Structure formats: structure tokens, C-alpha cells
Amino acid sequence: MRIITHTCPQCGTIVSANELESSRVMKCPGLSCESVLRFDDLSDEEQEFFVNHREQYRL
Amino acid sequence: MKGVLLSGGTGSRLRPITHTGPKQLVPVANKPVLEYAIEDLKEAGVTEIGVVLGHKGREEIQELLGDGSKYGVDITYIVQGNPLGLAHAAGCARDFVGDDDFVMYLGDNILKQGISELVESFQQGDYGAGIALQEVDNPTQFGIANVDDDGNVTELIEKPDDPPTNLALIGIYVFSNAVFDVIERLEPSWRGELEITDAIQTLLEDGNAINSHVVRGWWKDTGKPEDILEANRLVLEDKDLAREGRIDPGATVQGRVELHETATIEAGATVRGPVSIAENSVIESGTYVGPYTSIGPNSTLEGVHLENSVVIGDSTISTTGKIVDSLLGRGANVGRADELLPEGRRLVVGENSQLKL
Ligand SMILES: [Zn+2]
């Protein structure tokens, strides 16, 4: 299974695509980081792949 | 060599303790389980550690570990979100690991002898992975490995009816970078998870040698309350315990007792080690604290008989009853009902609590 992640440019925290997709826009989960992370931060190809295979990233 | 420390999971078997925090922060001998893993990784020379977080306890774990500098390591946080399996957790760490090899350590595991030998054994050959094994009495309950005379794994079987060995996989693995391509090829199992045993099996089928290392000292997965008590007992048995606090004349203290410099054992109290008593806790007159007990910070024991138990902290215990084999969550208080009428016990008990009265 392809696993897509995004790294916060500010603090280096790595966030999985399933986490990004579940909230679309989120405050970086890094404790004292003020960055806002978006599903749109993933490349177009990654977003498309994720959306087409969304079911396997759910429980 | 990097480290990937798994700190997700719901901790459902440790409720109600885990209603308010992640299972990896439950203390064993007054130290969160997760810190033992960090120390083991550091001792094995692994100082770049990715801590994988699930849904629960993200803030608490980051607050405890910070950037790792207080342990002499460098921590990167990796948010897995949905618990899609151990192999998914490993896959989330791909960008962190880069071209390196990595140790994967389940954050609720604790073991006596550390992981240096496992890591060294892996590094001595050209292996796709290395797995830690331990001899168990009930191999049908575990994932079991079959190994050849050189310790190379030949087969992995999940909960076999007819186990070829009694060597169970414990929650510590070393992986070469090859595992990431394997994970990408895996499909979720019947339970919807990417299984780490499937990843190892595929590495094996691809022709990779899989090293194994049998862990000789004790090992504990601290998933359940009785496991916490057992781990607490094992750690207290081994640990150097220093009496730095105040022991009043007239107190009886026997055996090995760790007493924080701000903790007190008052006259008329009896403490029989091995016992650990954390900061700002007071053992008052008439109290008996028996072997294999850890008392967390800011707790007061007033006349209770307590043994083989873990008190996480911020508790006042004044019952005249005996408390044994117990795990008390933070802020749990046990008073006395002796003079109250009608006669009987008074309980305010949280969801999923377990009592034997
Ligand atoms: Zn951030």
C-alpha cells in the first residue's frame, strides 16, 4: 500500500495523508508549531492517488 | 541507524487508566514506559528517533519527550492518525528514515537487556531485517518464528496450532531500507491493517536473509494492568534504588527503597522494599508499604497496607483495608468508611474500572 506523507516545513513533523485528508486544513500537530497544513499541500498526483484509494486508508 | 518508536494505539485494555492519557506514559517504577524505550535506543547508539503518534496522547507524549535533548537524542514526530497497522506506521516513517536502516520499537514494550545485541547482530551480516525473539511457554498465542542453526529465520507463523518452535516475536525489529518497497506492495489484512509480519514474510520470500536474536532477560508488553504490575516488579528487582529523602527516626525501612529527596517516611510507618516513592509523597504513621510497590508523586498514604501495587500519583490513600496487586490512576483517592453509617463501601468509579471488594 502506498503511504503518502507530508512534512511540516516549519517544524519537521511528518503527517500522513489520511490525517491531512480527514481534516483538509489543520493546525500542525507539532506541539508549539503555528503552521497550518492542508491536504492541498500534497502534490496533485498524490492527492489524486489518495482520493482514488481512499477506502484503504480508513479503518 | 535510525529509530522508529511506535506510540499510538488506543490502550483499550488499560482502561480506565488510558481514558486520560496514552498507555505509553503509564509509569513503571515511577518512569513512563516510553522513556525505557528511548534509553534502550540511545544505549544502542540510535540517537535519531522518529516517534509515531496515533490519535491519542499526541500532546502528552510531545510534552514529555520534547525534542529529545533531555535524553541526548533528536526526536522527530510522525503522525500516523488512523491505526492502519505496524507496517503502515513504519511506512509513515519513510521520509524520516531516508536511506538508513532503522530499529522499530513498540513503545509499550519493556525489556531487561536492551537492544544493543539485536542491533549488533543485524549489523554483522547483510540482512533484510532482524527480529527479536523470546522463548515462551504458550507459543500458540504468539507470532512464532522458525529459525535455522545460524539464527536465520526460515518461516513466520501467526498463532500456530502446531508451533515448530517456542520463539515468539516481541515488539522490536531492525529493518533494512528494503522494507519500504515491500510495504508499498502489501495489501491490508483481513482486519484492515498492514501487518509487519507480512512485511517480514515478503522480505523473506524476496530472498532477503532475516536475522534473529533471542532476548534472554525478561520482556513485557505492558498492555494490561497485570502487565504493568509485573513490569513494575521486574524493574524494581533490577534497578539501583537510592534513599535520598527523609526517613524519620521510628520509621522502619527494610530492603531496597528508592526515596525521592522530597519524599518522607514518617515515624511509625513501615516500608519493605523493593519500593519506589516519588517526589513530594509522604508515608505516614501506621502505613505499611510492601515489596514491589511504586508510589507516584504528590501522594499521601495514611495508615493503609499497600503492596505489589502502582500508585500513579496525586493520590491520598487512608483506607484501613489492605490494597494489593492494584493499579491506581492519577488523582484516585481511597478513603476509609470505618466510621460511616450505614456500613458499607462508598464508590465513585469511572468507566471501565475494575474492582474486587
Ligand atoms: Zn509544524
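## A walk through chains A and B

Let us start inside chain B, at helix α5 (residues 116-123), where Ser116(B), Leu118(B), Val119(B), Ser121(B) and Phe122(B) are buried. Here buried means under 20% relative accessible area, exposed means over 50% and partly exposed lies in between, using a 1.4 Å probe and protein chains only. Helices (H or I, at least four residues) and strands (E, at least two) are DSSP runs, numbered from the N terminus. The cover over the buried residues of α5(B) includes α1 (33-43), β6 (102-106), β8 (127-135), β11 (167-175) and β12 (209-214) of chain B; contact means heavy atoms within 4.5 Å.

Before going on, a word on conventions: this is a predicted model, in which local features need pLDDT of at least 70 and side-chain atom pairs count only at pLDDT 80 or more, while totals for chains, interfaces and linings use all residues. Residues are numbered from 1 along each chain as its sequence is written, chains are lettered from A and ligands numbered from 1 in the order in which they are written, and side-chain values use heavy atoms, with hydrogens and water left out.

Staying in chain B, look at strand β9 (residues 143-147): four of its five residues are buried, so β9(B) is largely enclosed by the rest of the structure. Its antiparallel partner is strand β10 (residues 153-158) of chain B, joined over five bridges; two strands pair if DSSP finds at least two bridges between them. Within this pairing, Ile144(B) stands opposite Ile157(B) in β10(B). The two strands β9(B) and β10(B) form a hairpin with five residues between them, and Gly151(B) in the turn has a positive phi of about 85°.

Further along chain B come parallel sheets. One is an open sheet of five strands in the order β14-β17-β20-β23-β26, with parallel pairing. At its edges stand β14 (246-247) and β26 (316-317) of chain B, each with a single partner strand, so one side of each is left without a neighbour in the sheet. β14(B) pairs in the parallel sense with strand β17 (residues 264-265) of chain B over two bridges, and Ile247(B) has Ile265(B) in β17(B) as its bridge partner.

Another open sheet of five parallel strands in chain B follows the order β16-β19-β22-β25-β28. Its edge strands, β16 (257-259) and β28 (327-328) of chain B, each pair on one side only. Inside this sheet, strand β22 (residues 293-295) and strand β25 (residues 310-311) of chain B are parallel partners over two bridges, with Val311(B) in β25(B) as the bridge partner of Ile295(B). Helix α8 (residues 225-238) of chain B lies across β19 (275-277), β22, β25 and β28 of chain B, running at about 95° to β22(B). For that angle, axes are lines fitted to C-alpha atoms, for helices over the stretch in contact, and angles run from 0 to 180 degrees between N-to-C directions.

Stepping back, chain B has eight helices and 28 strands. Its radius of gyration is 22 Å, close to the 21 Å that the globule rule gives for 357 residues, so chain B is as compact as a globular protein of that length. The radius is taken over C-alpha atoms, and the rule is 2.2 Å times the number of residues to the power 0.38. Buried residues make up 55% of the 357 residues in chain B.

Now for chain A, which has two helices and four strands, running β-β-α-β-β-α from the N terminus on. With 59 residues, a compact globule would have a radius of gyration near 10 Å, and the 11 Å of chain A agrees. Buried residues account for 47% of this chain.

Which residues hold the zinc ion? Its protein donors are Cys8(A), Cys11(A), Cys28(A) and Cys33(A), each through SG, lying 2.3 to 2.4 Å from the ion. Donors are N, O and S atoms within 2.8 Å of the metal (3.2 Å for Na, K and Ca); water is not among the atoms, so sites may look incomplete. The four donor atoms subtend angles of 103 to 113° around the zinc ion, which makes the arrangement tetrahedral. Four donors count as tetrahedral if all angles lie between 85 and 135 degrees. In sequence, the donor residues are spaced C-x2-C-x16-C-x4-C. Cys8(A), in the loop between β1 (5-7) and β2 (14-16), and Cys28(A), in the loop between β3 (25-27) and β4 (36-38), link distant parts of chain A, 20 residues apart. Both Cys8(A) and Cys28(A) are buried.

How values were computed:
Four donors count as tetrahedral if all angles lie between 85 and 135 degrees; four count as square planar and six as octahedral if opposite donors are over 155 degrees apart and all others between 65 and 115; anything else is irregular.
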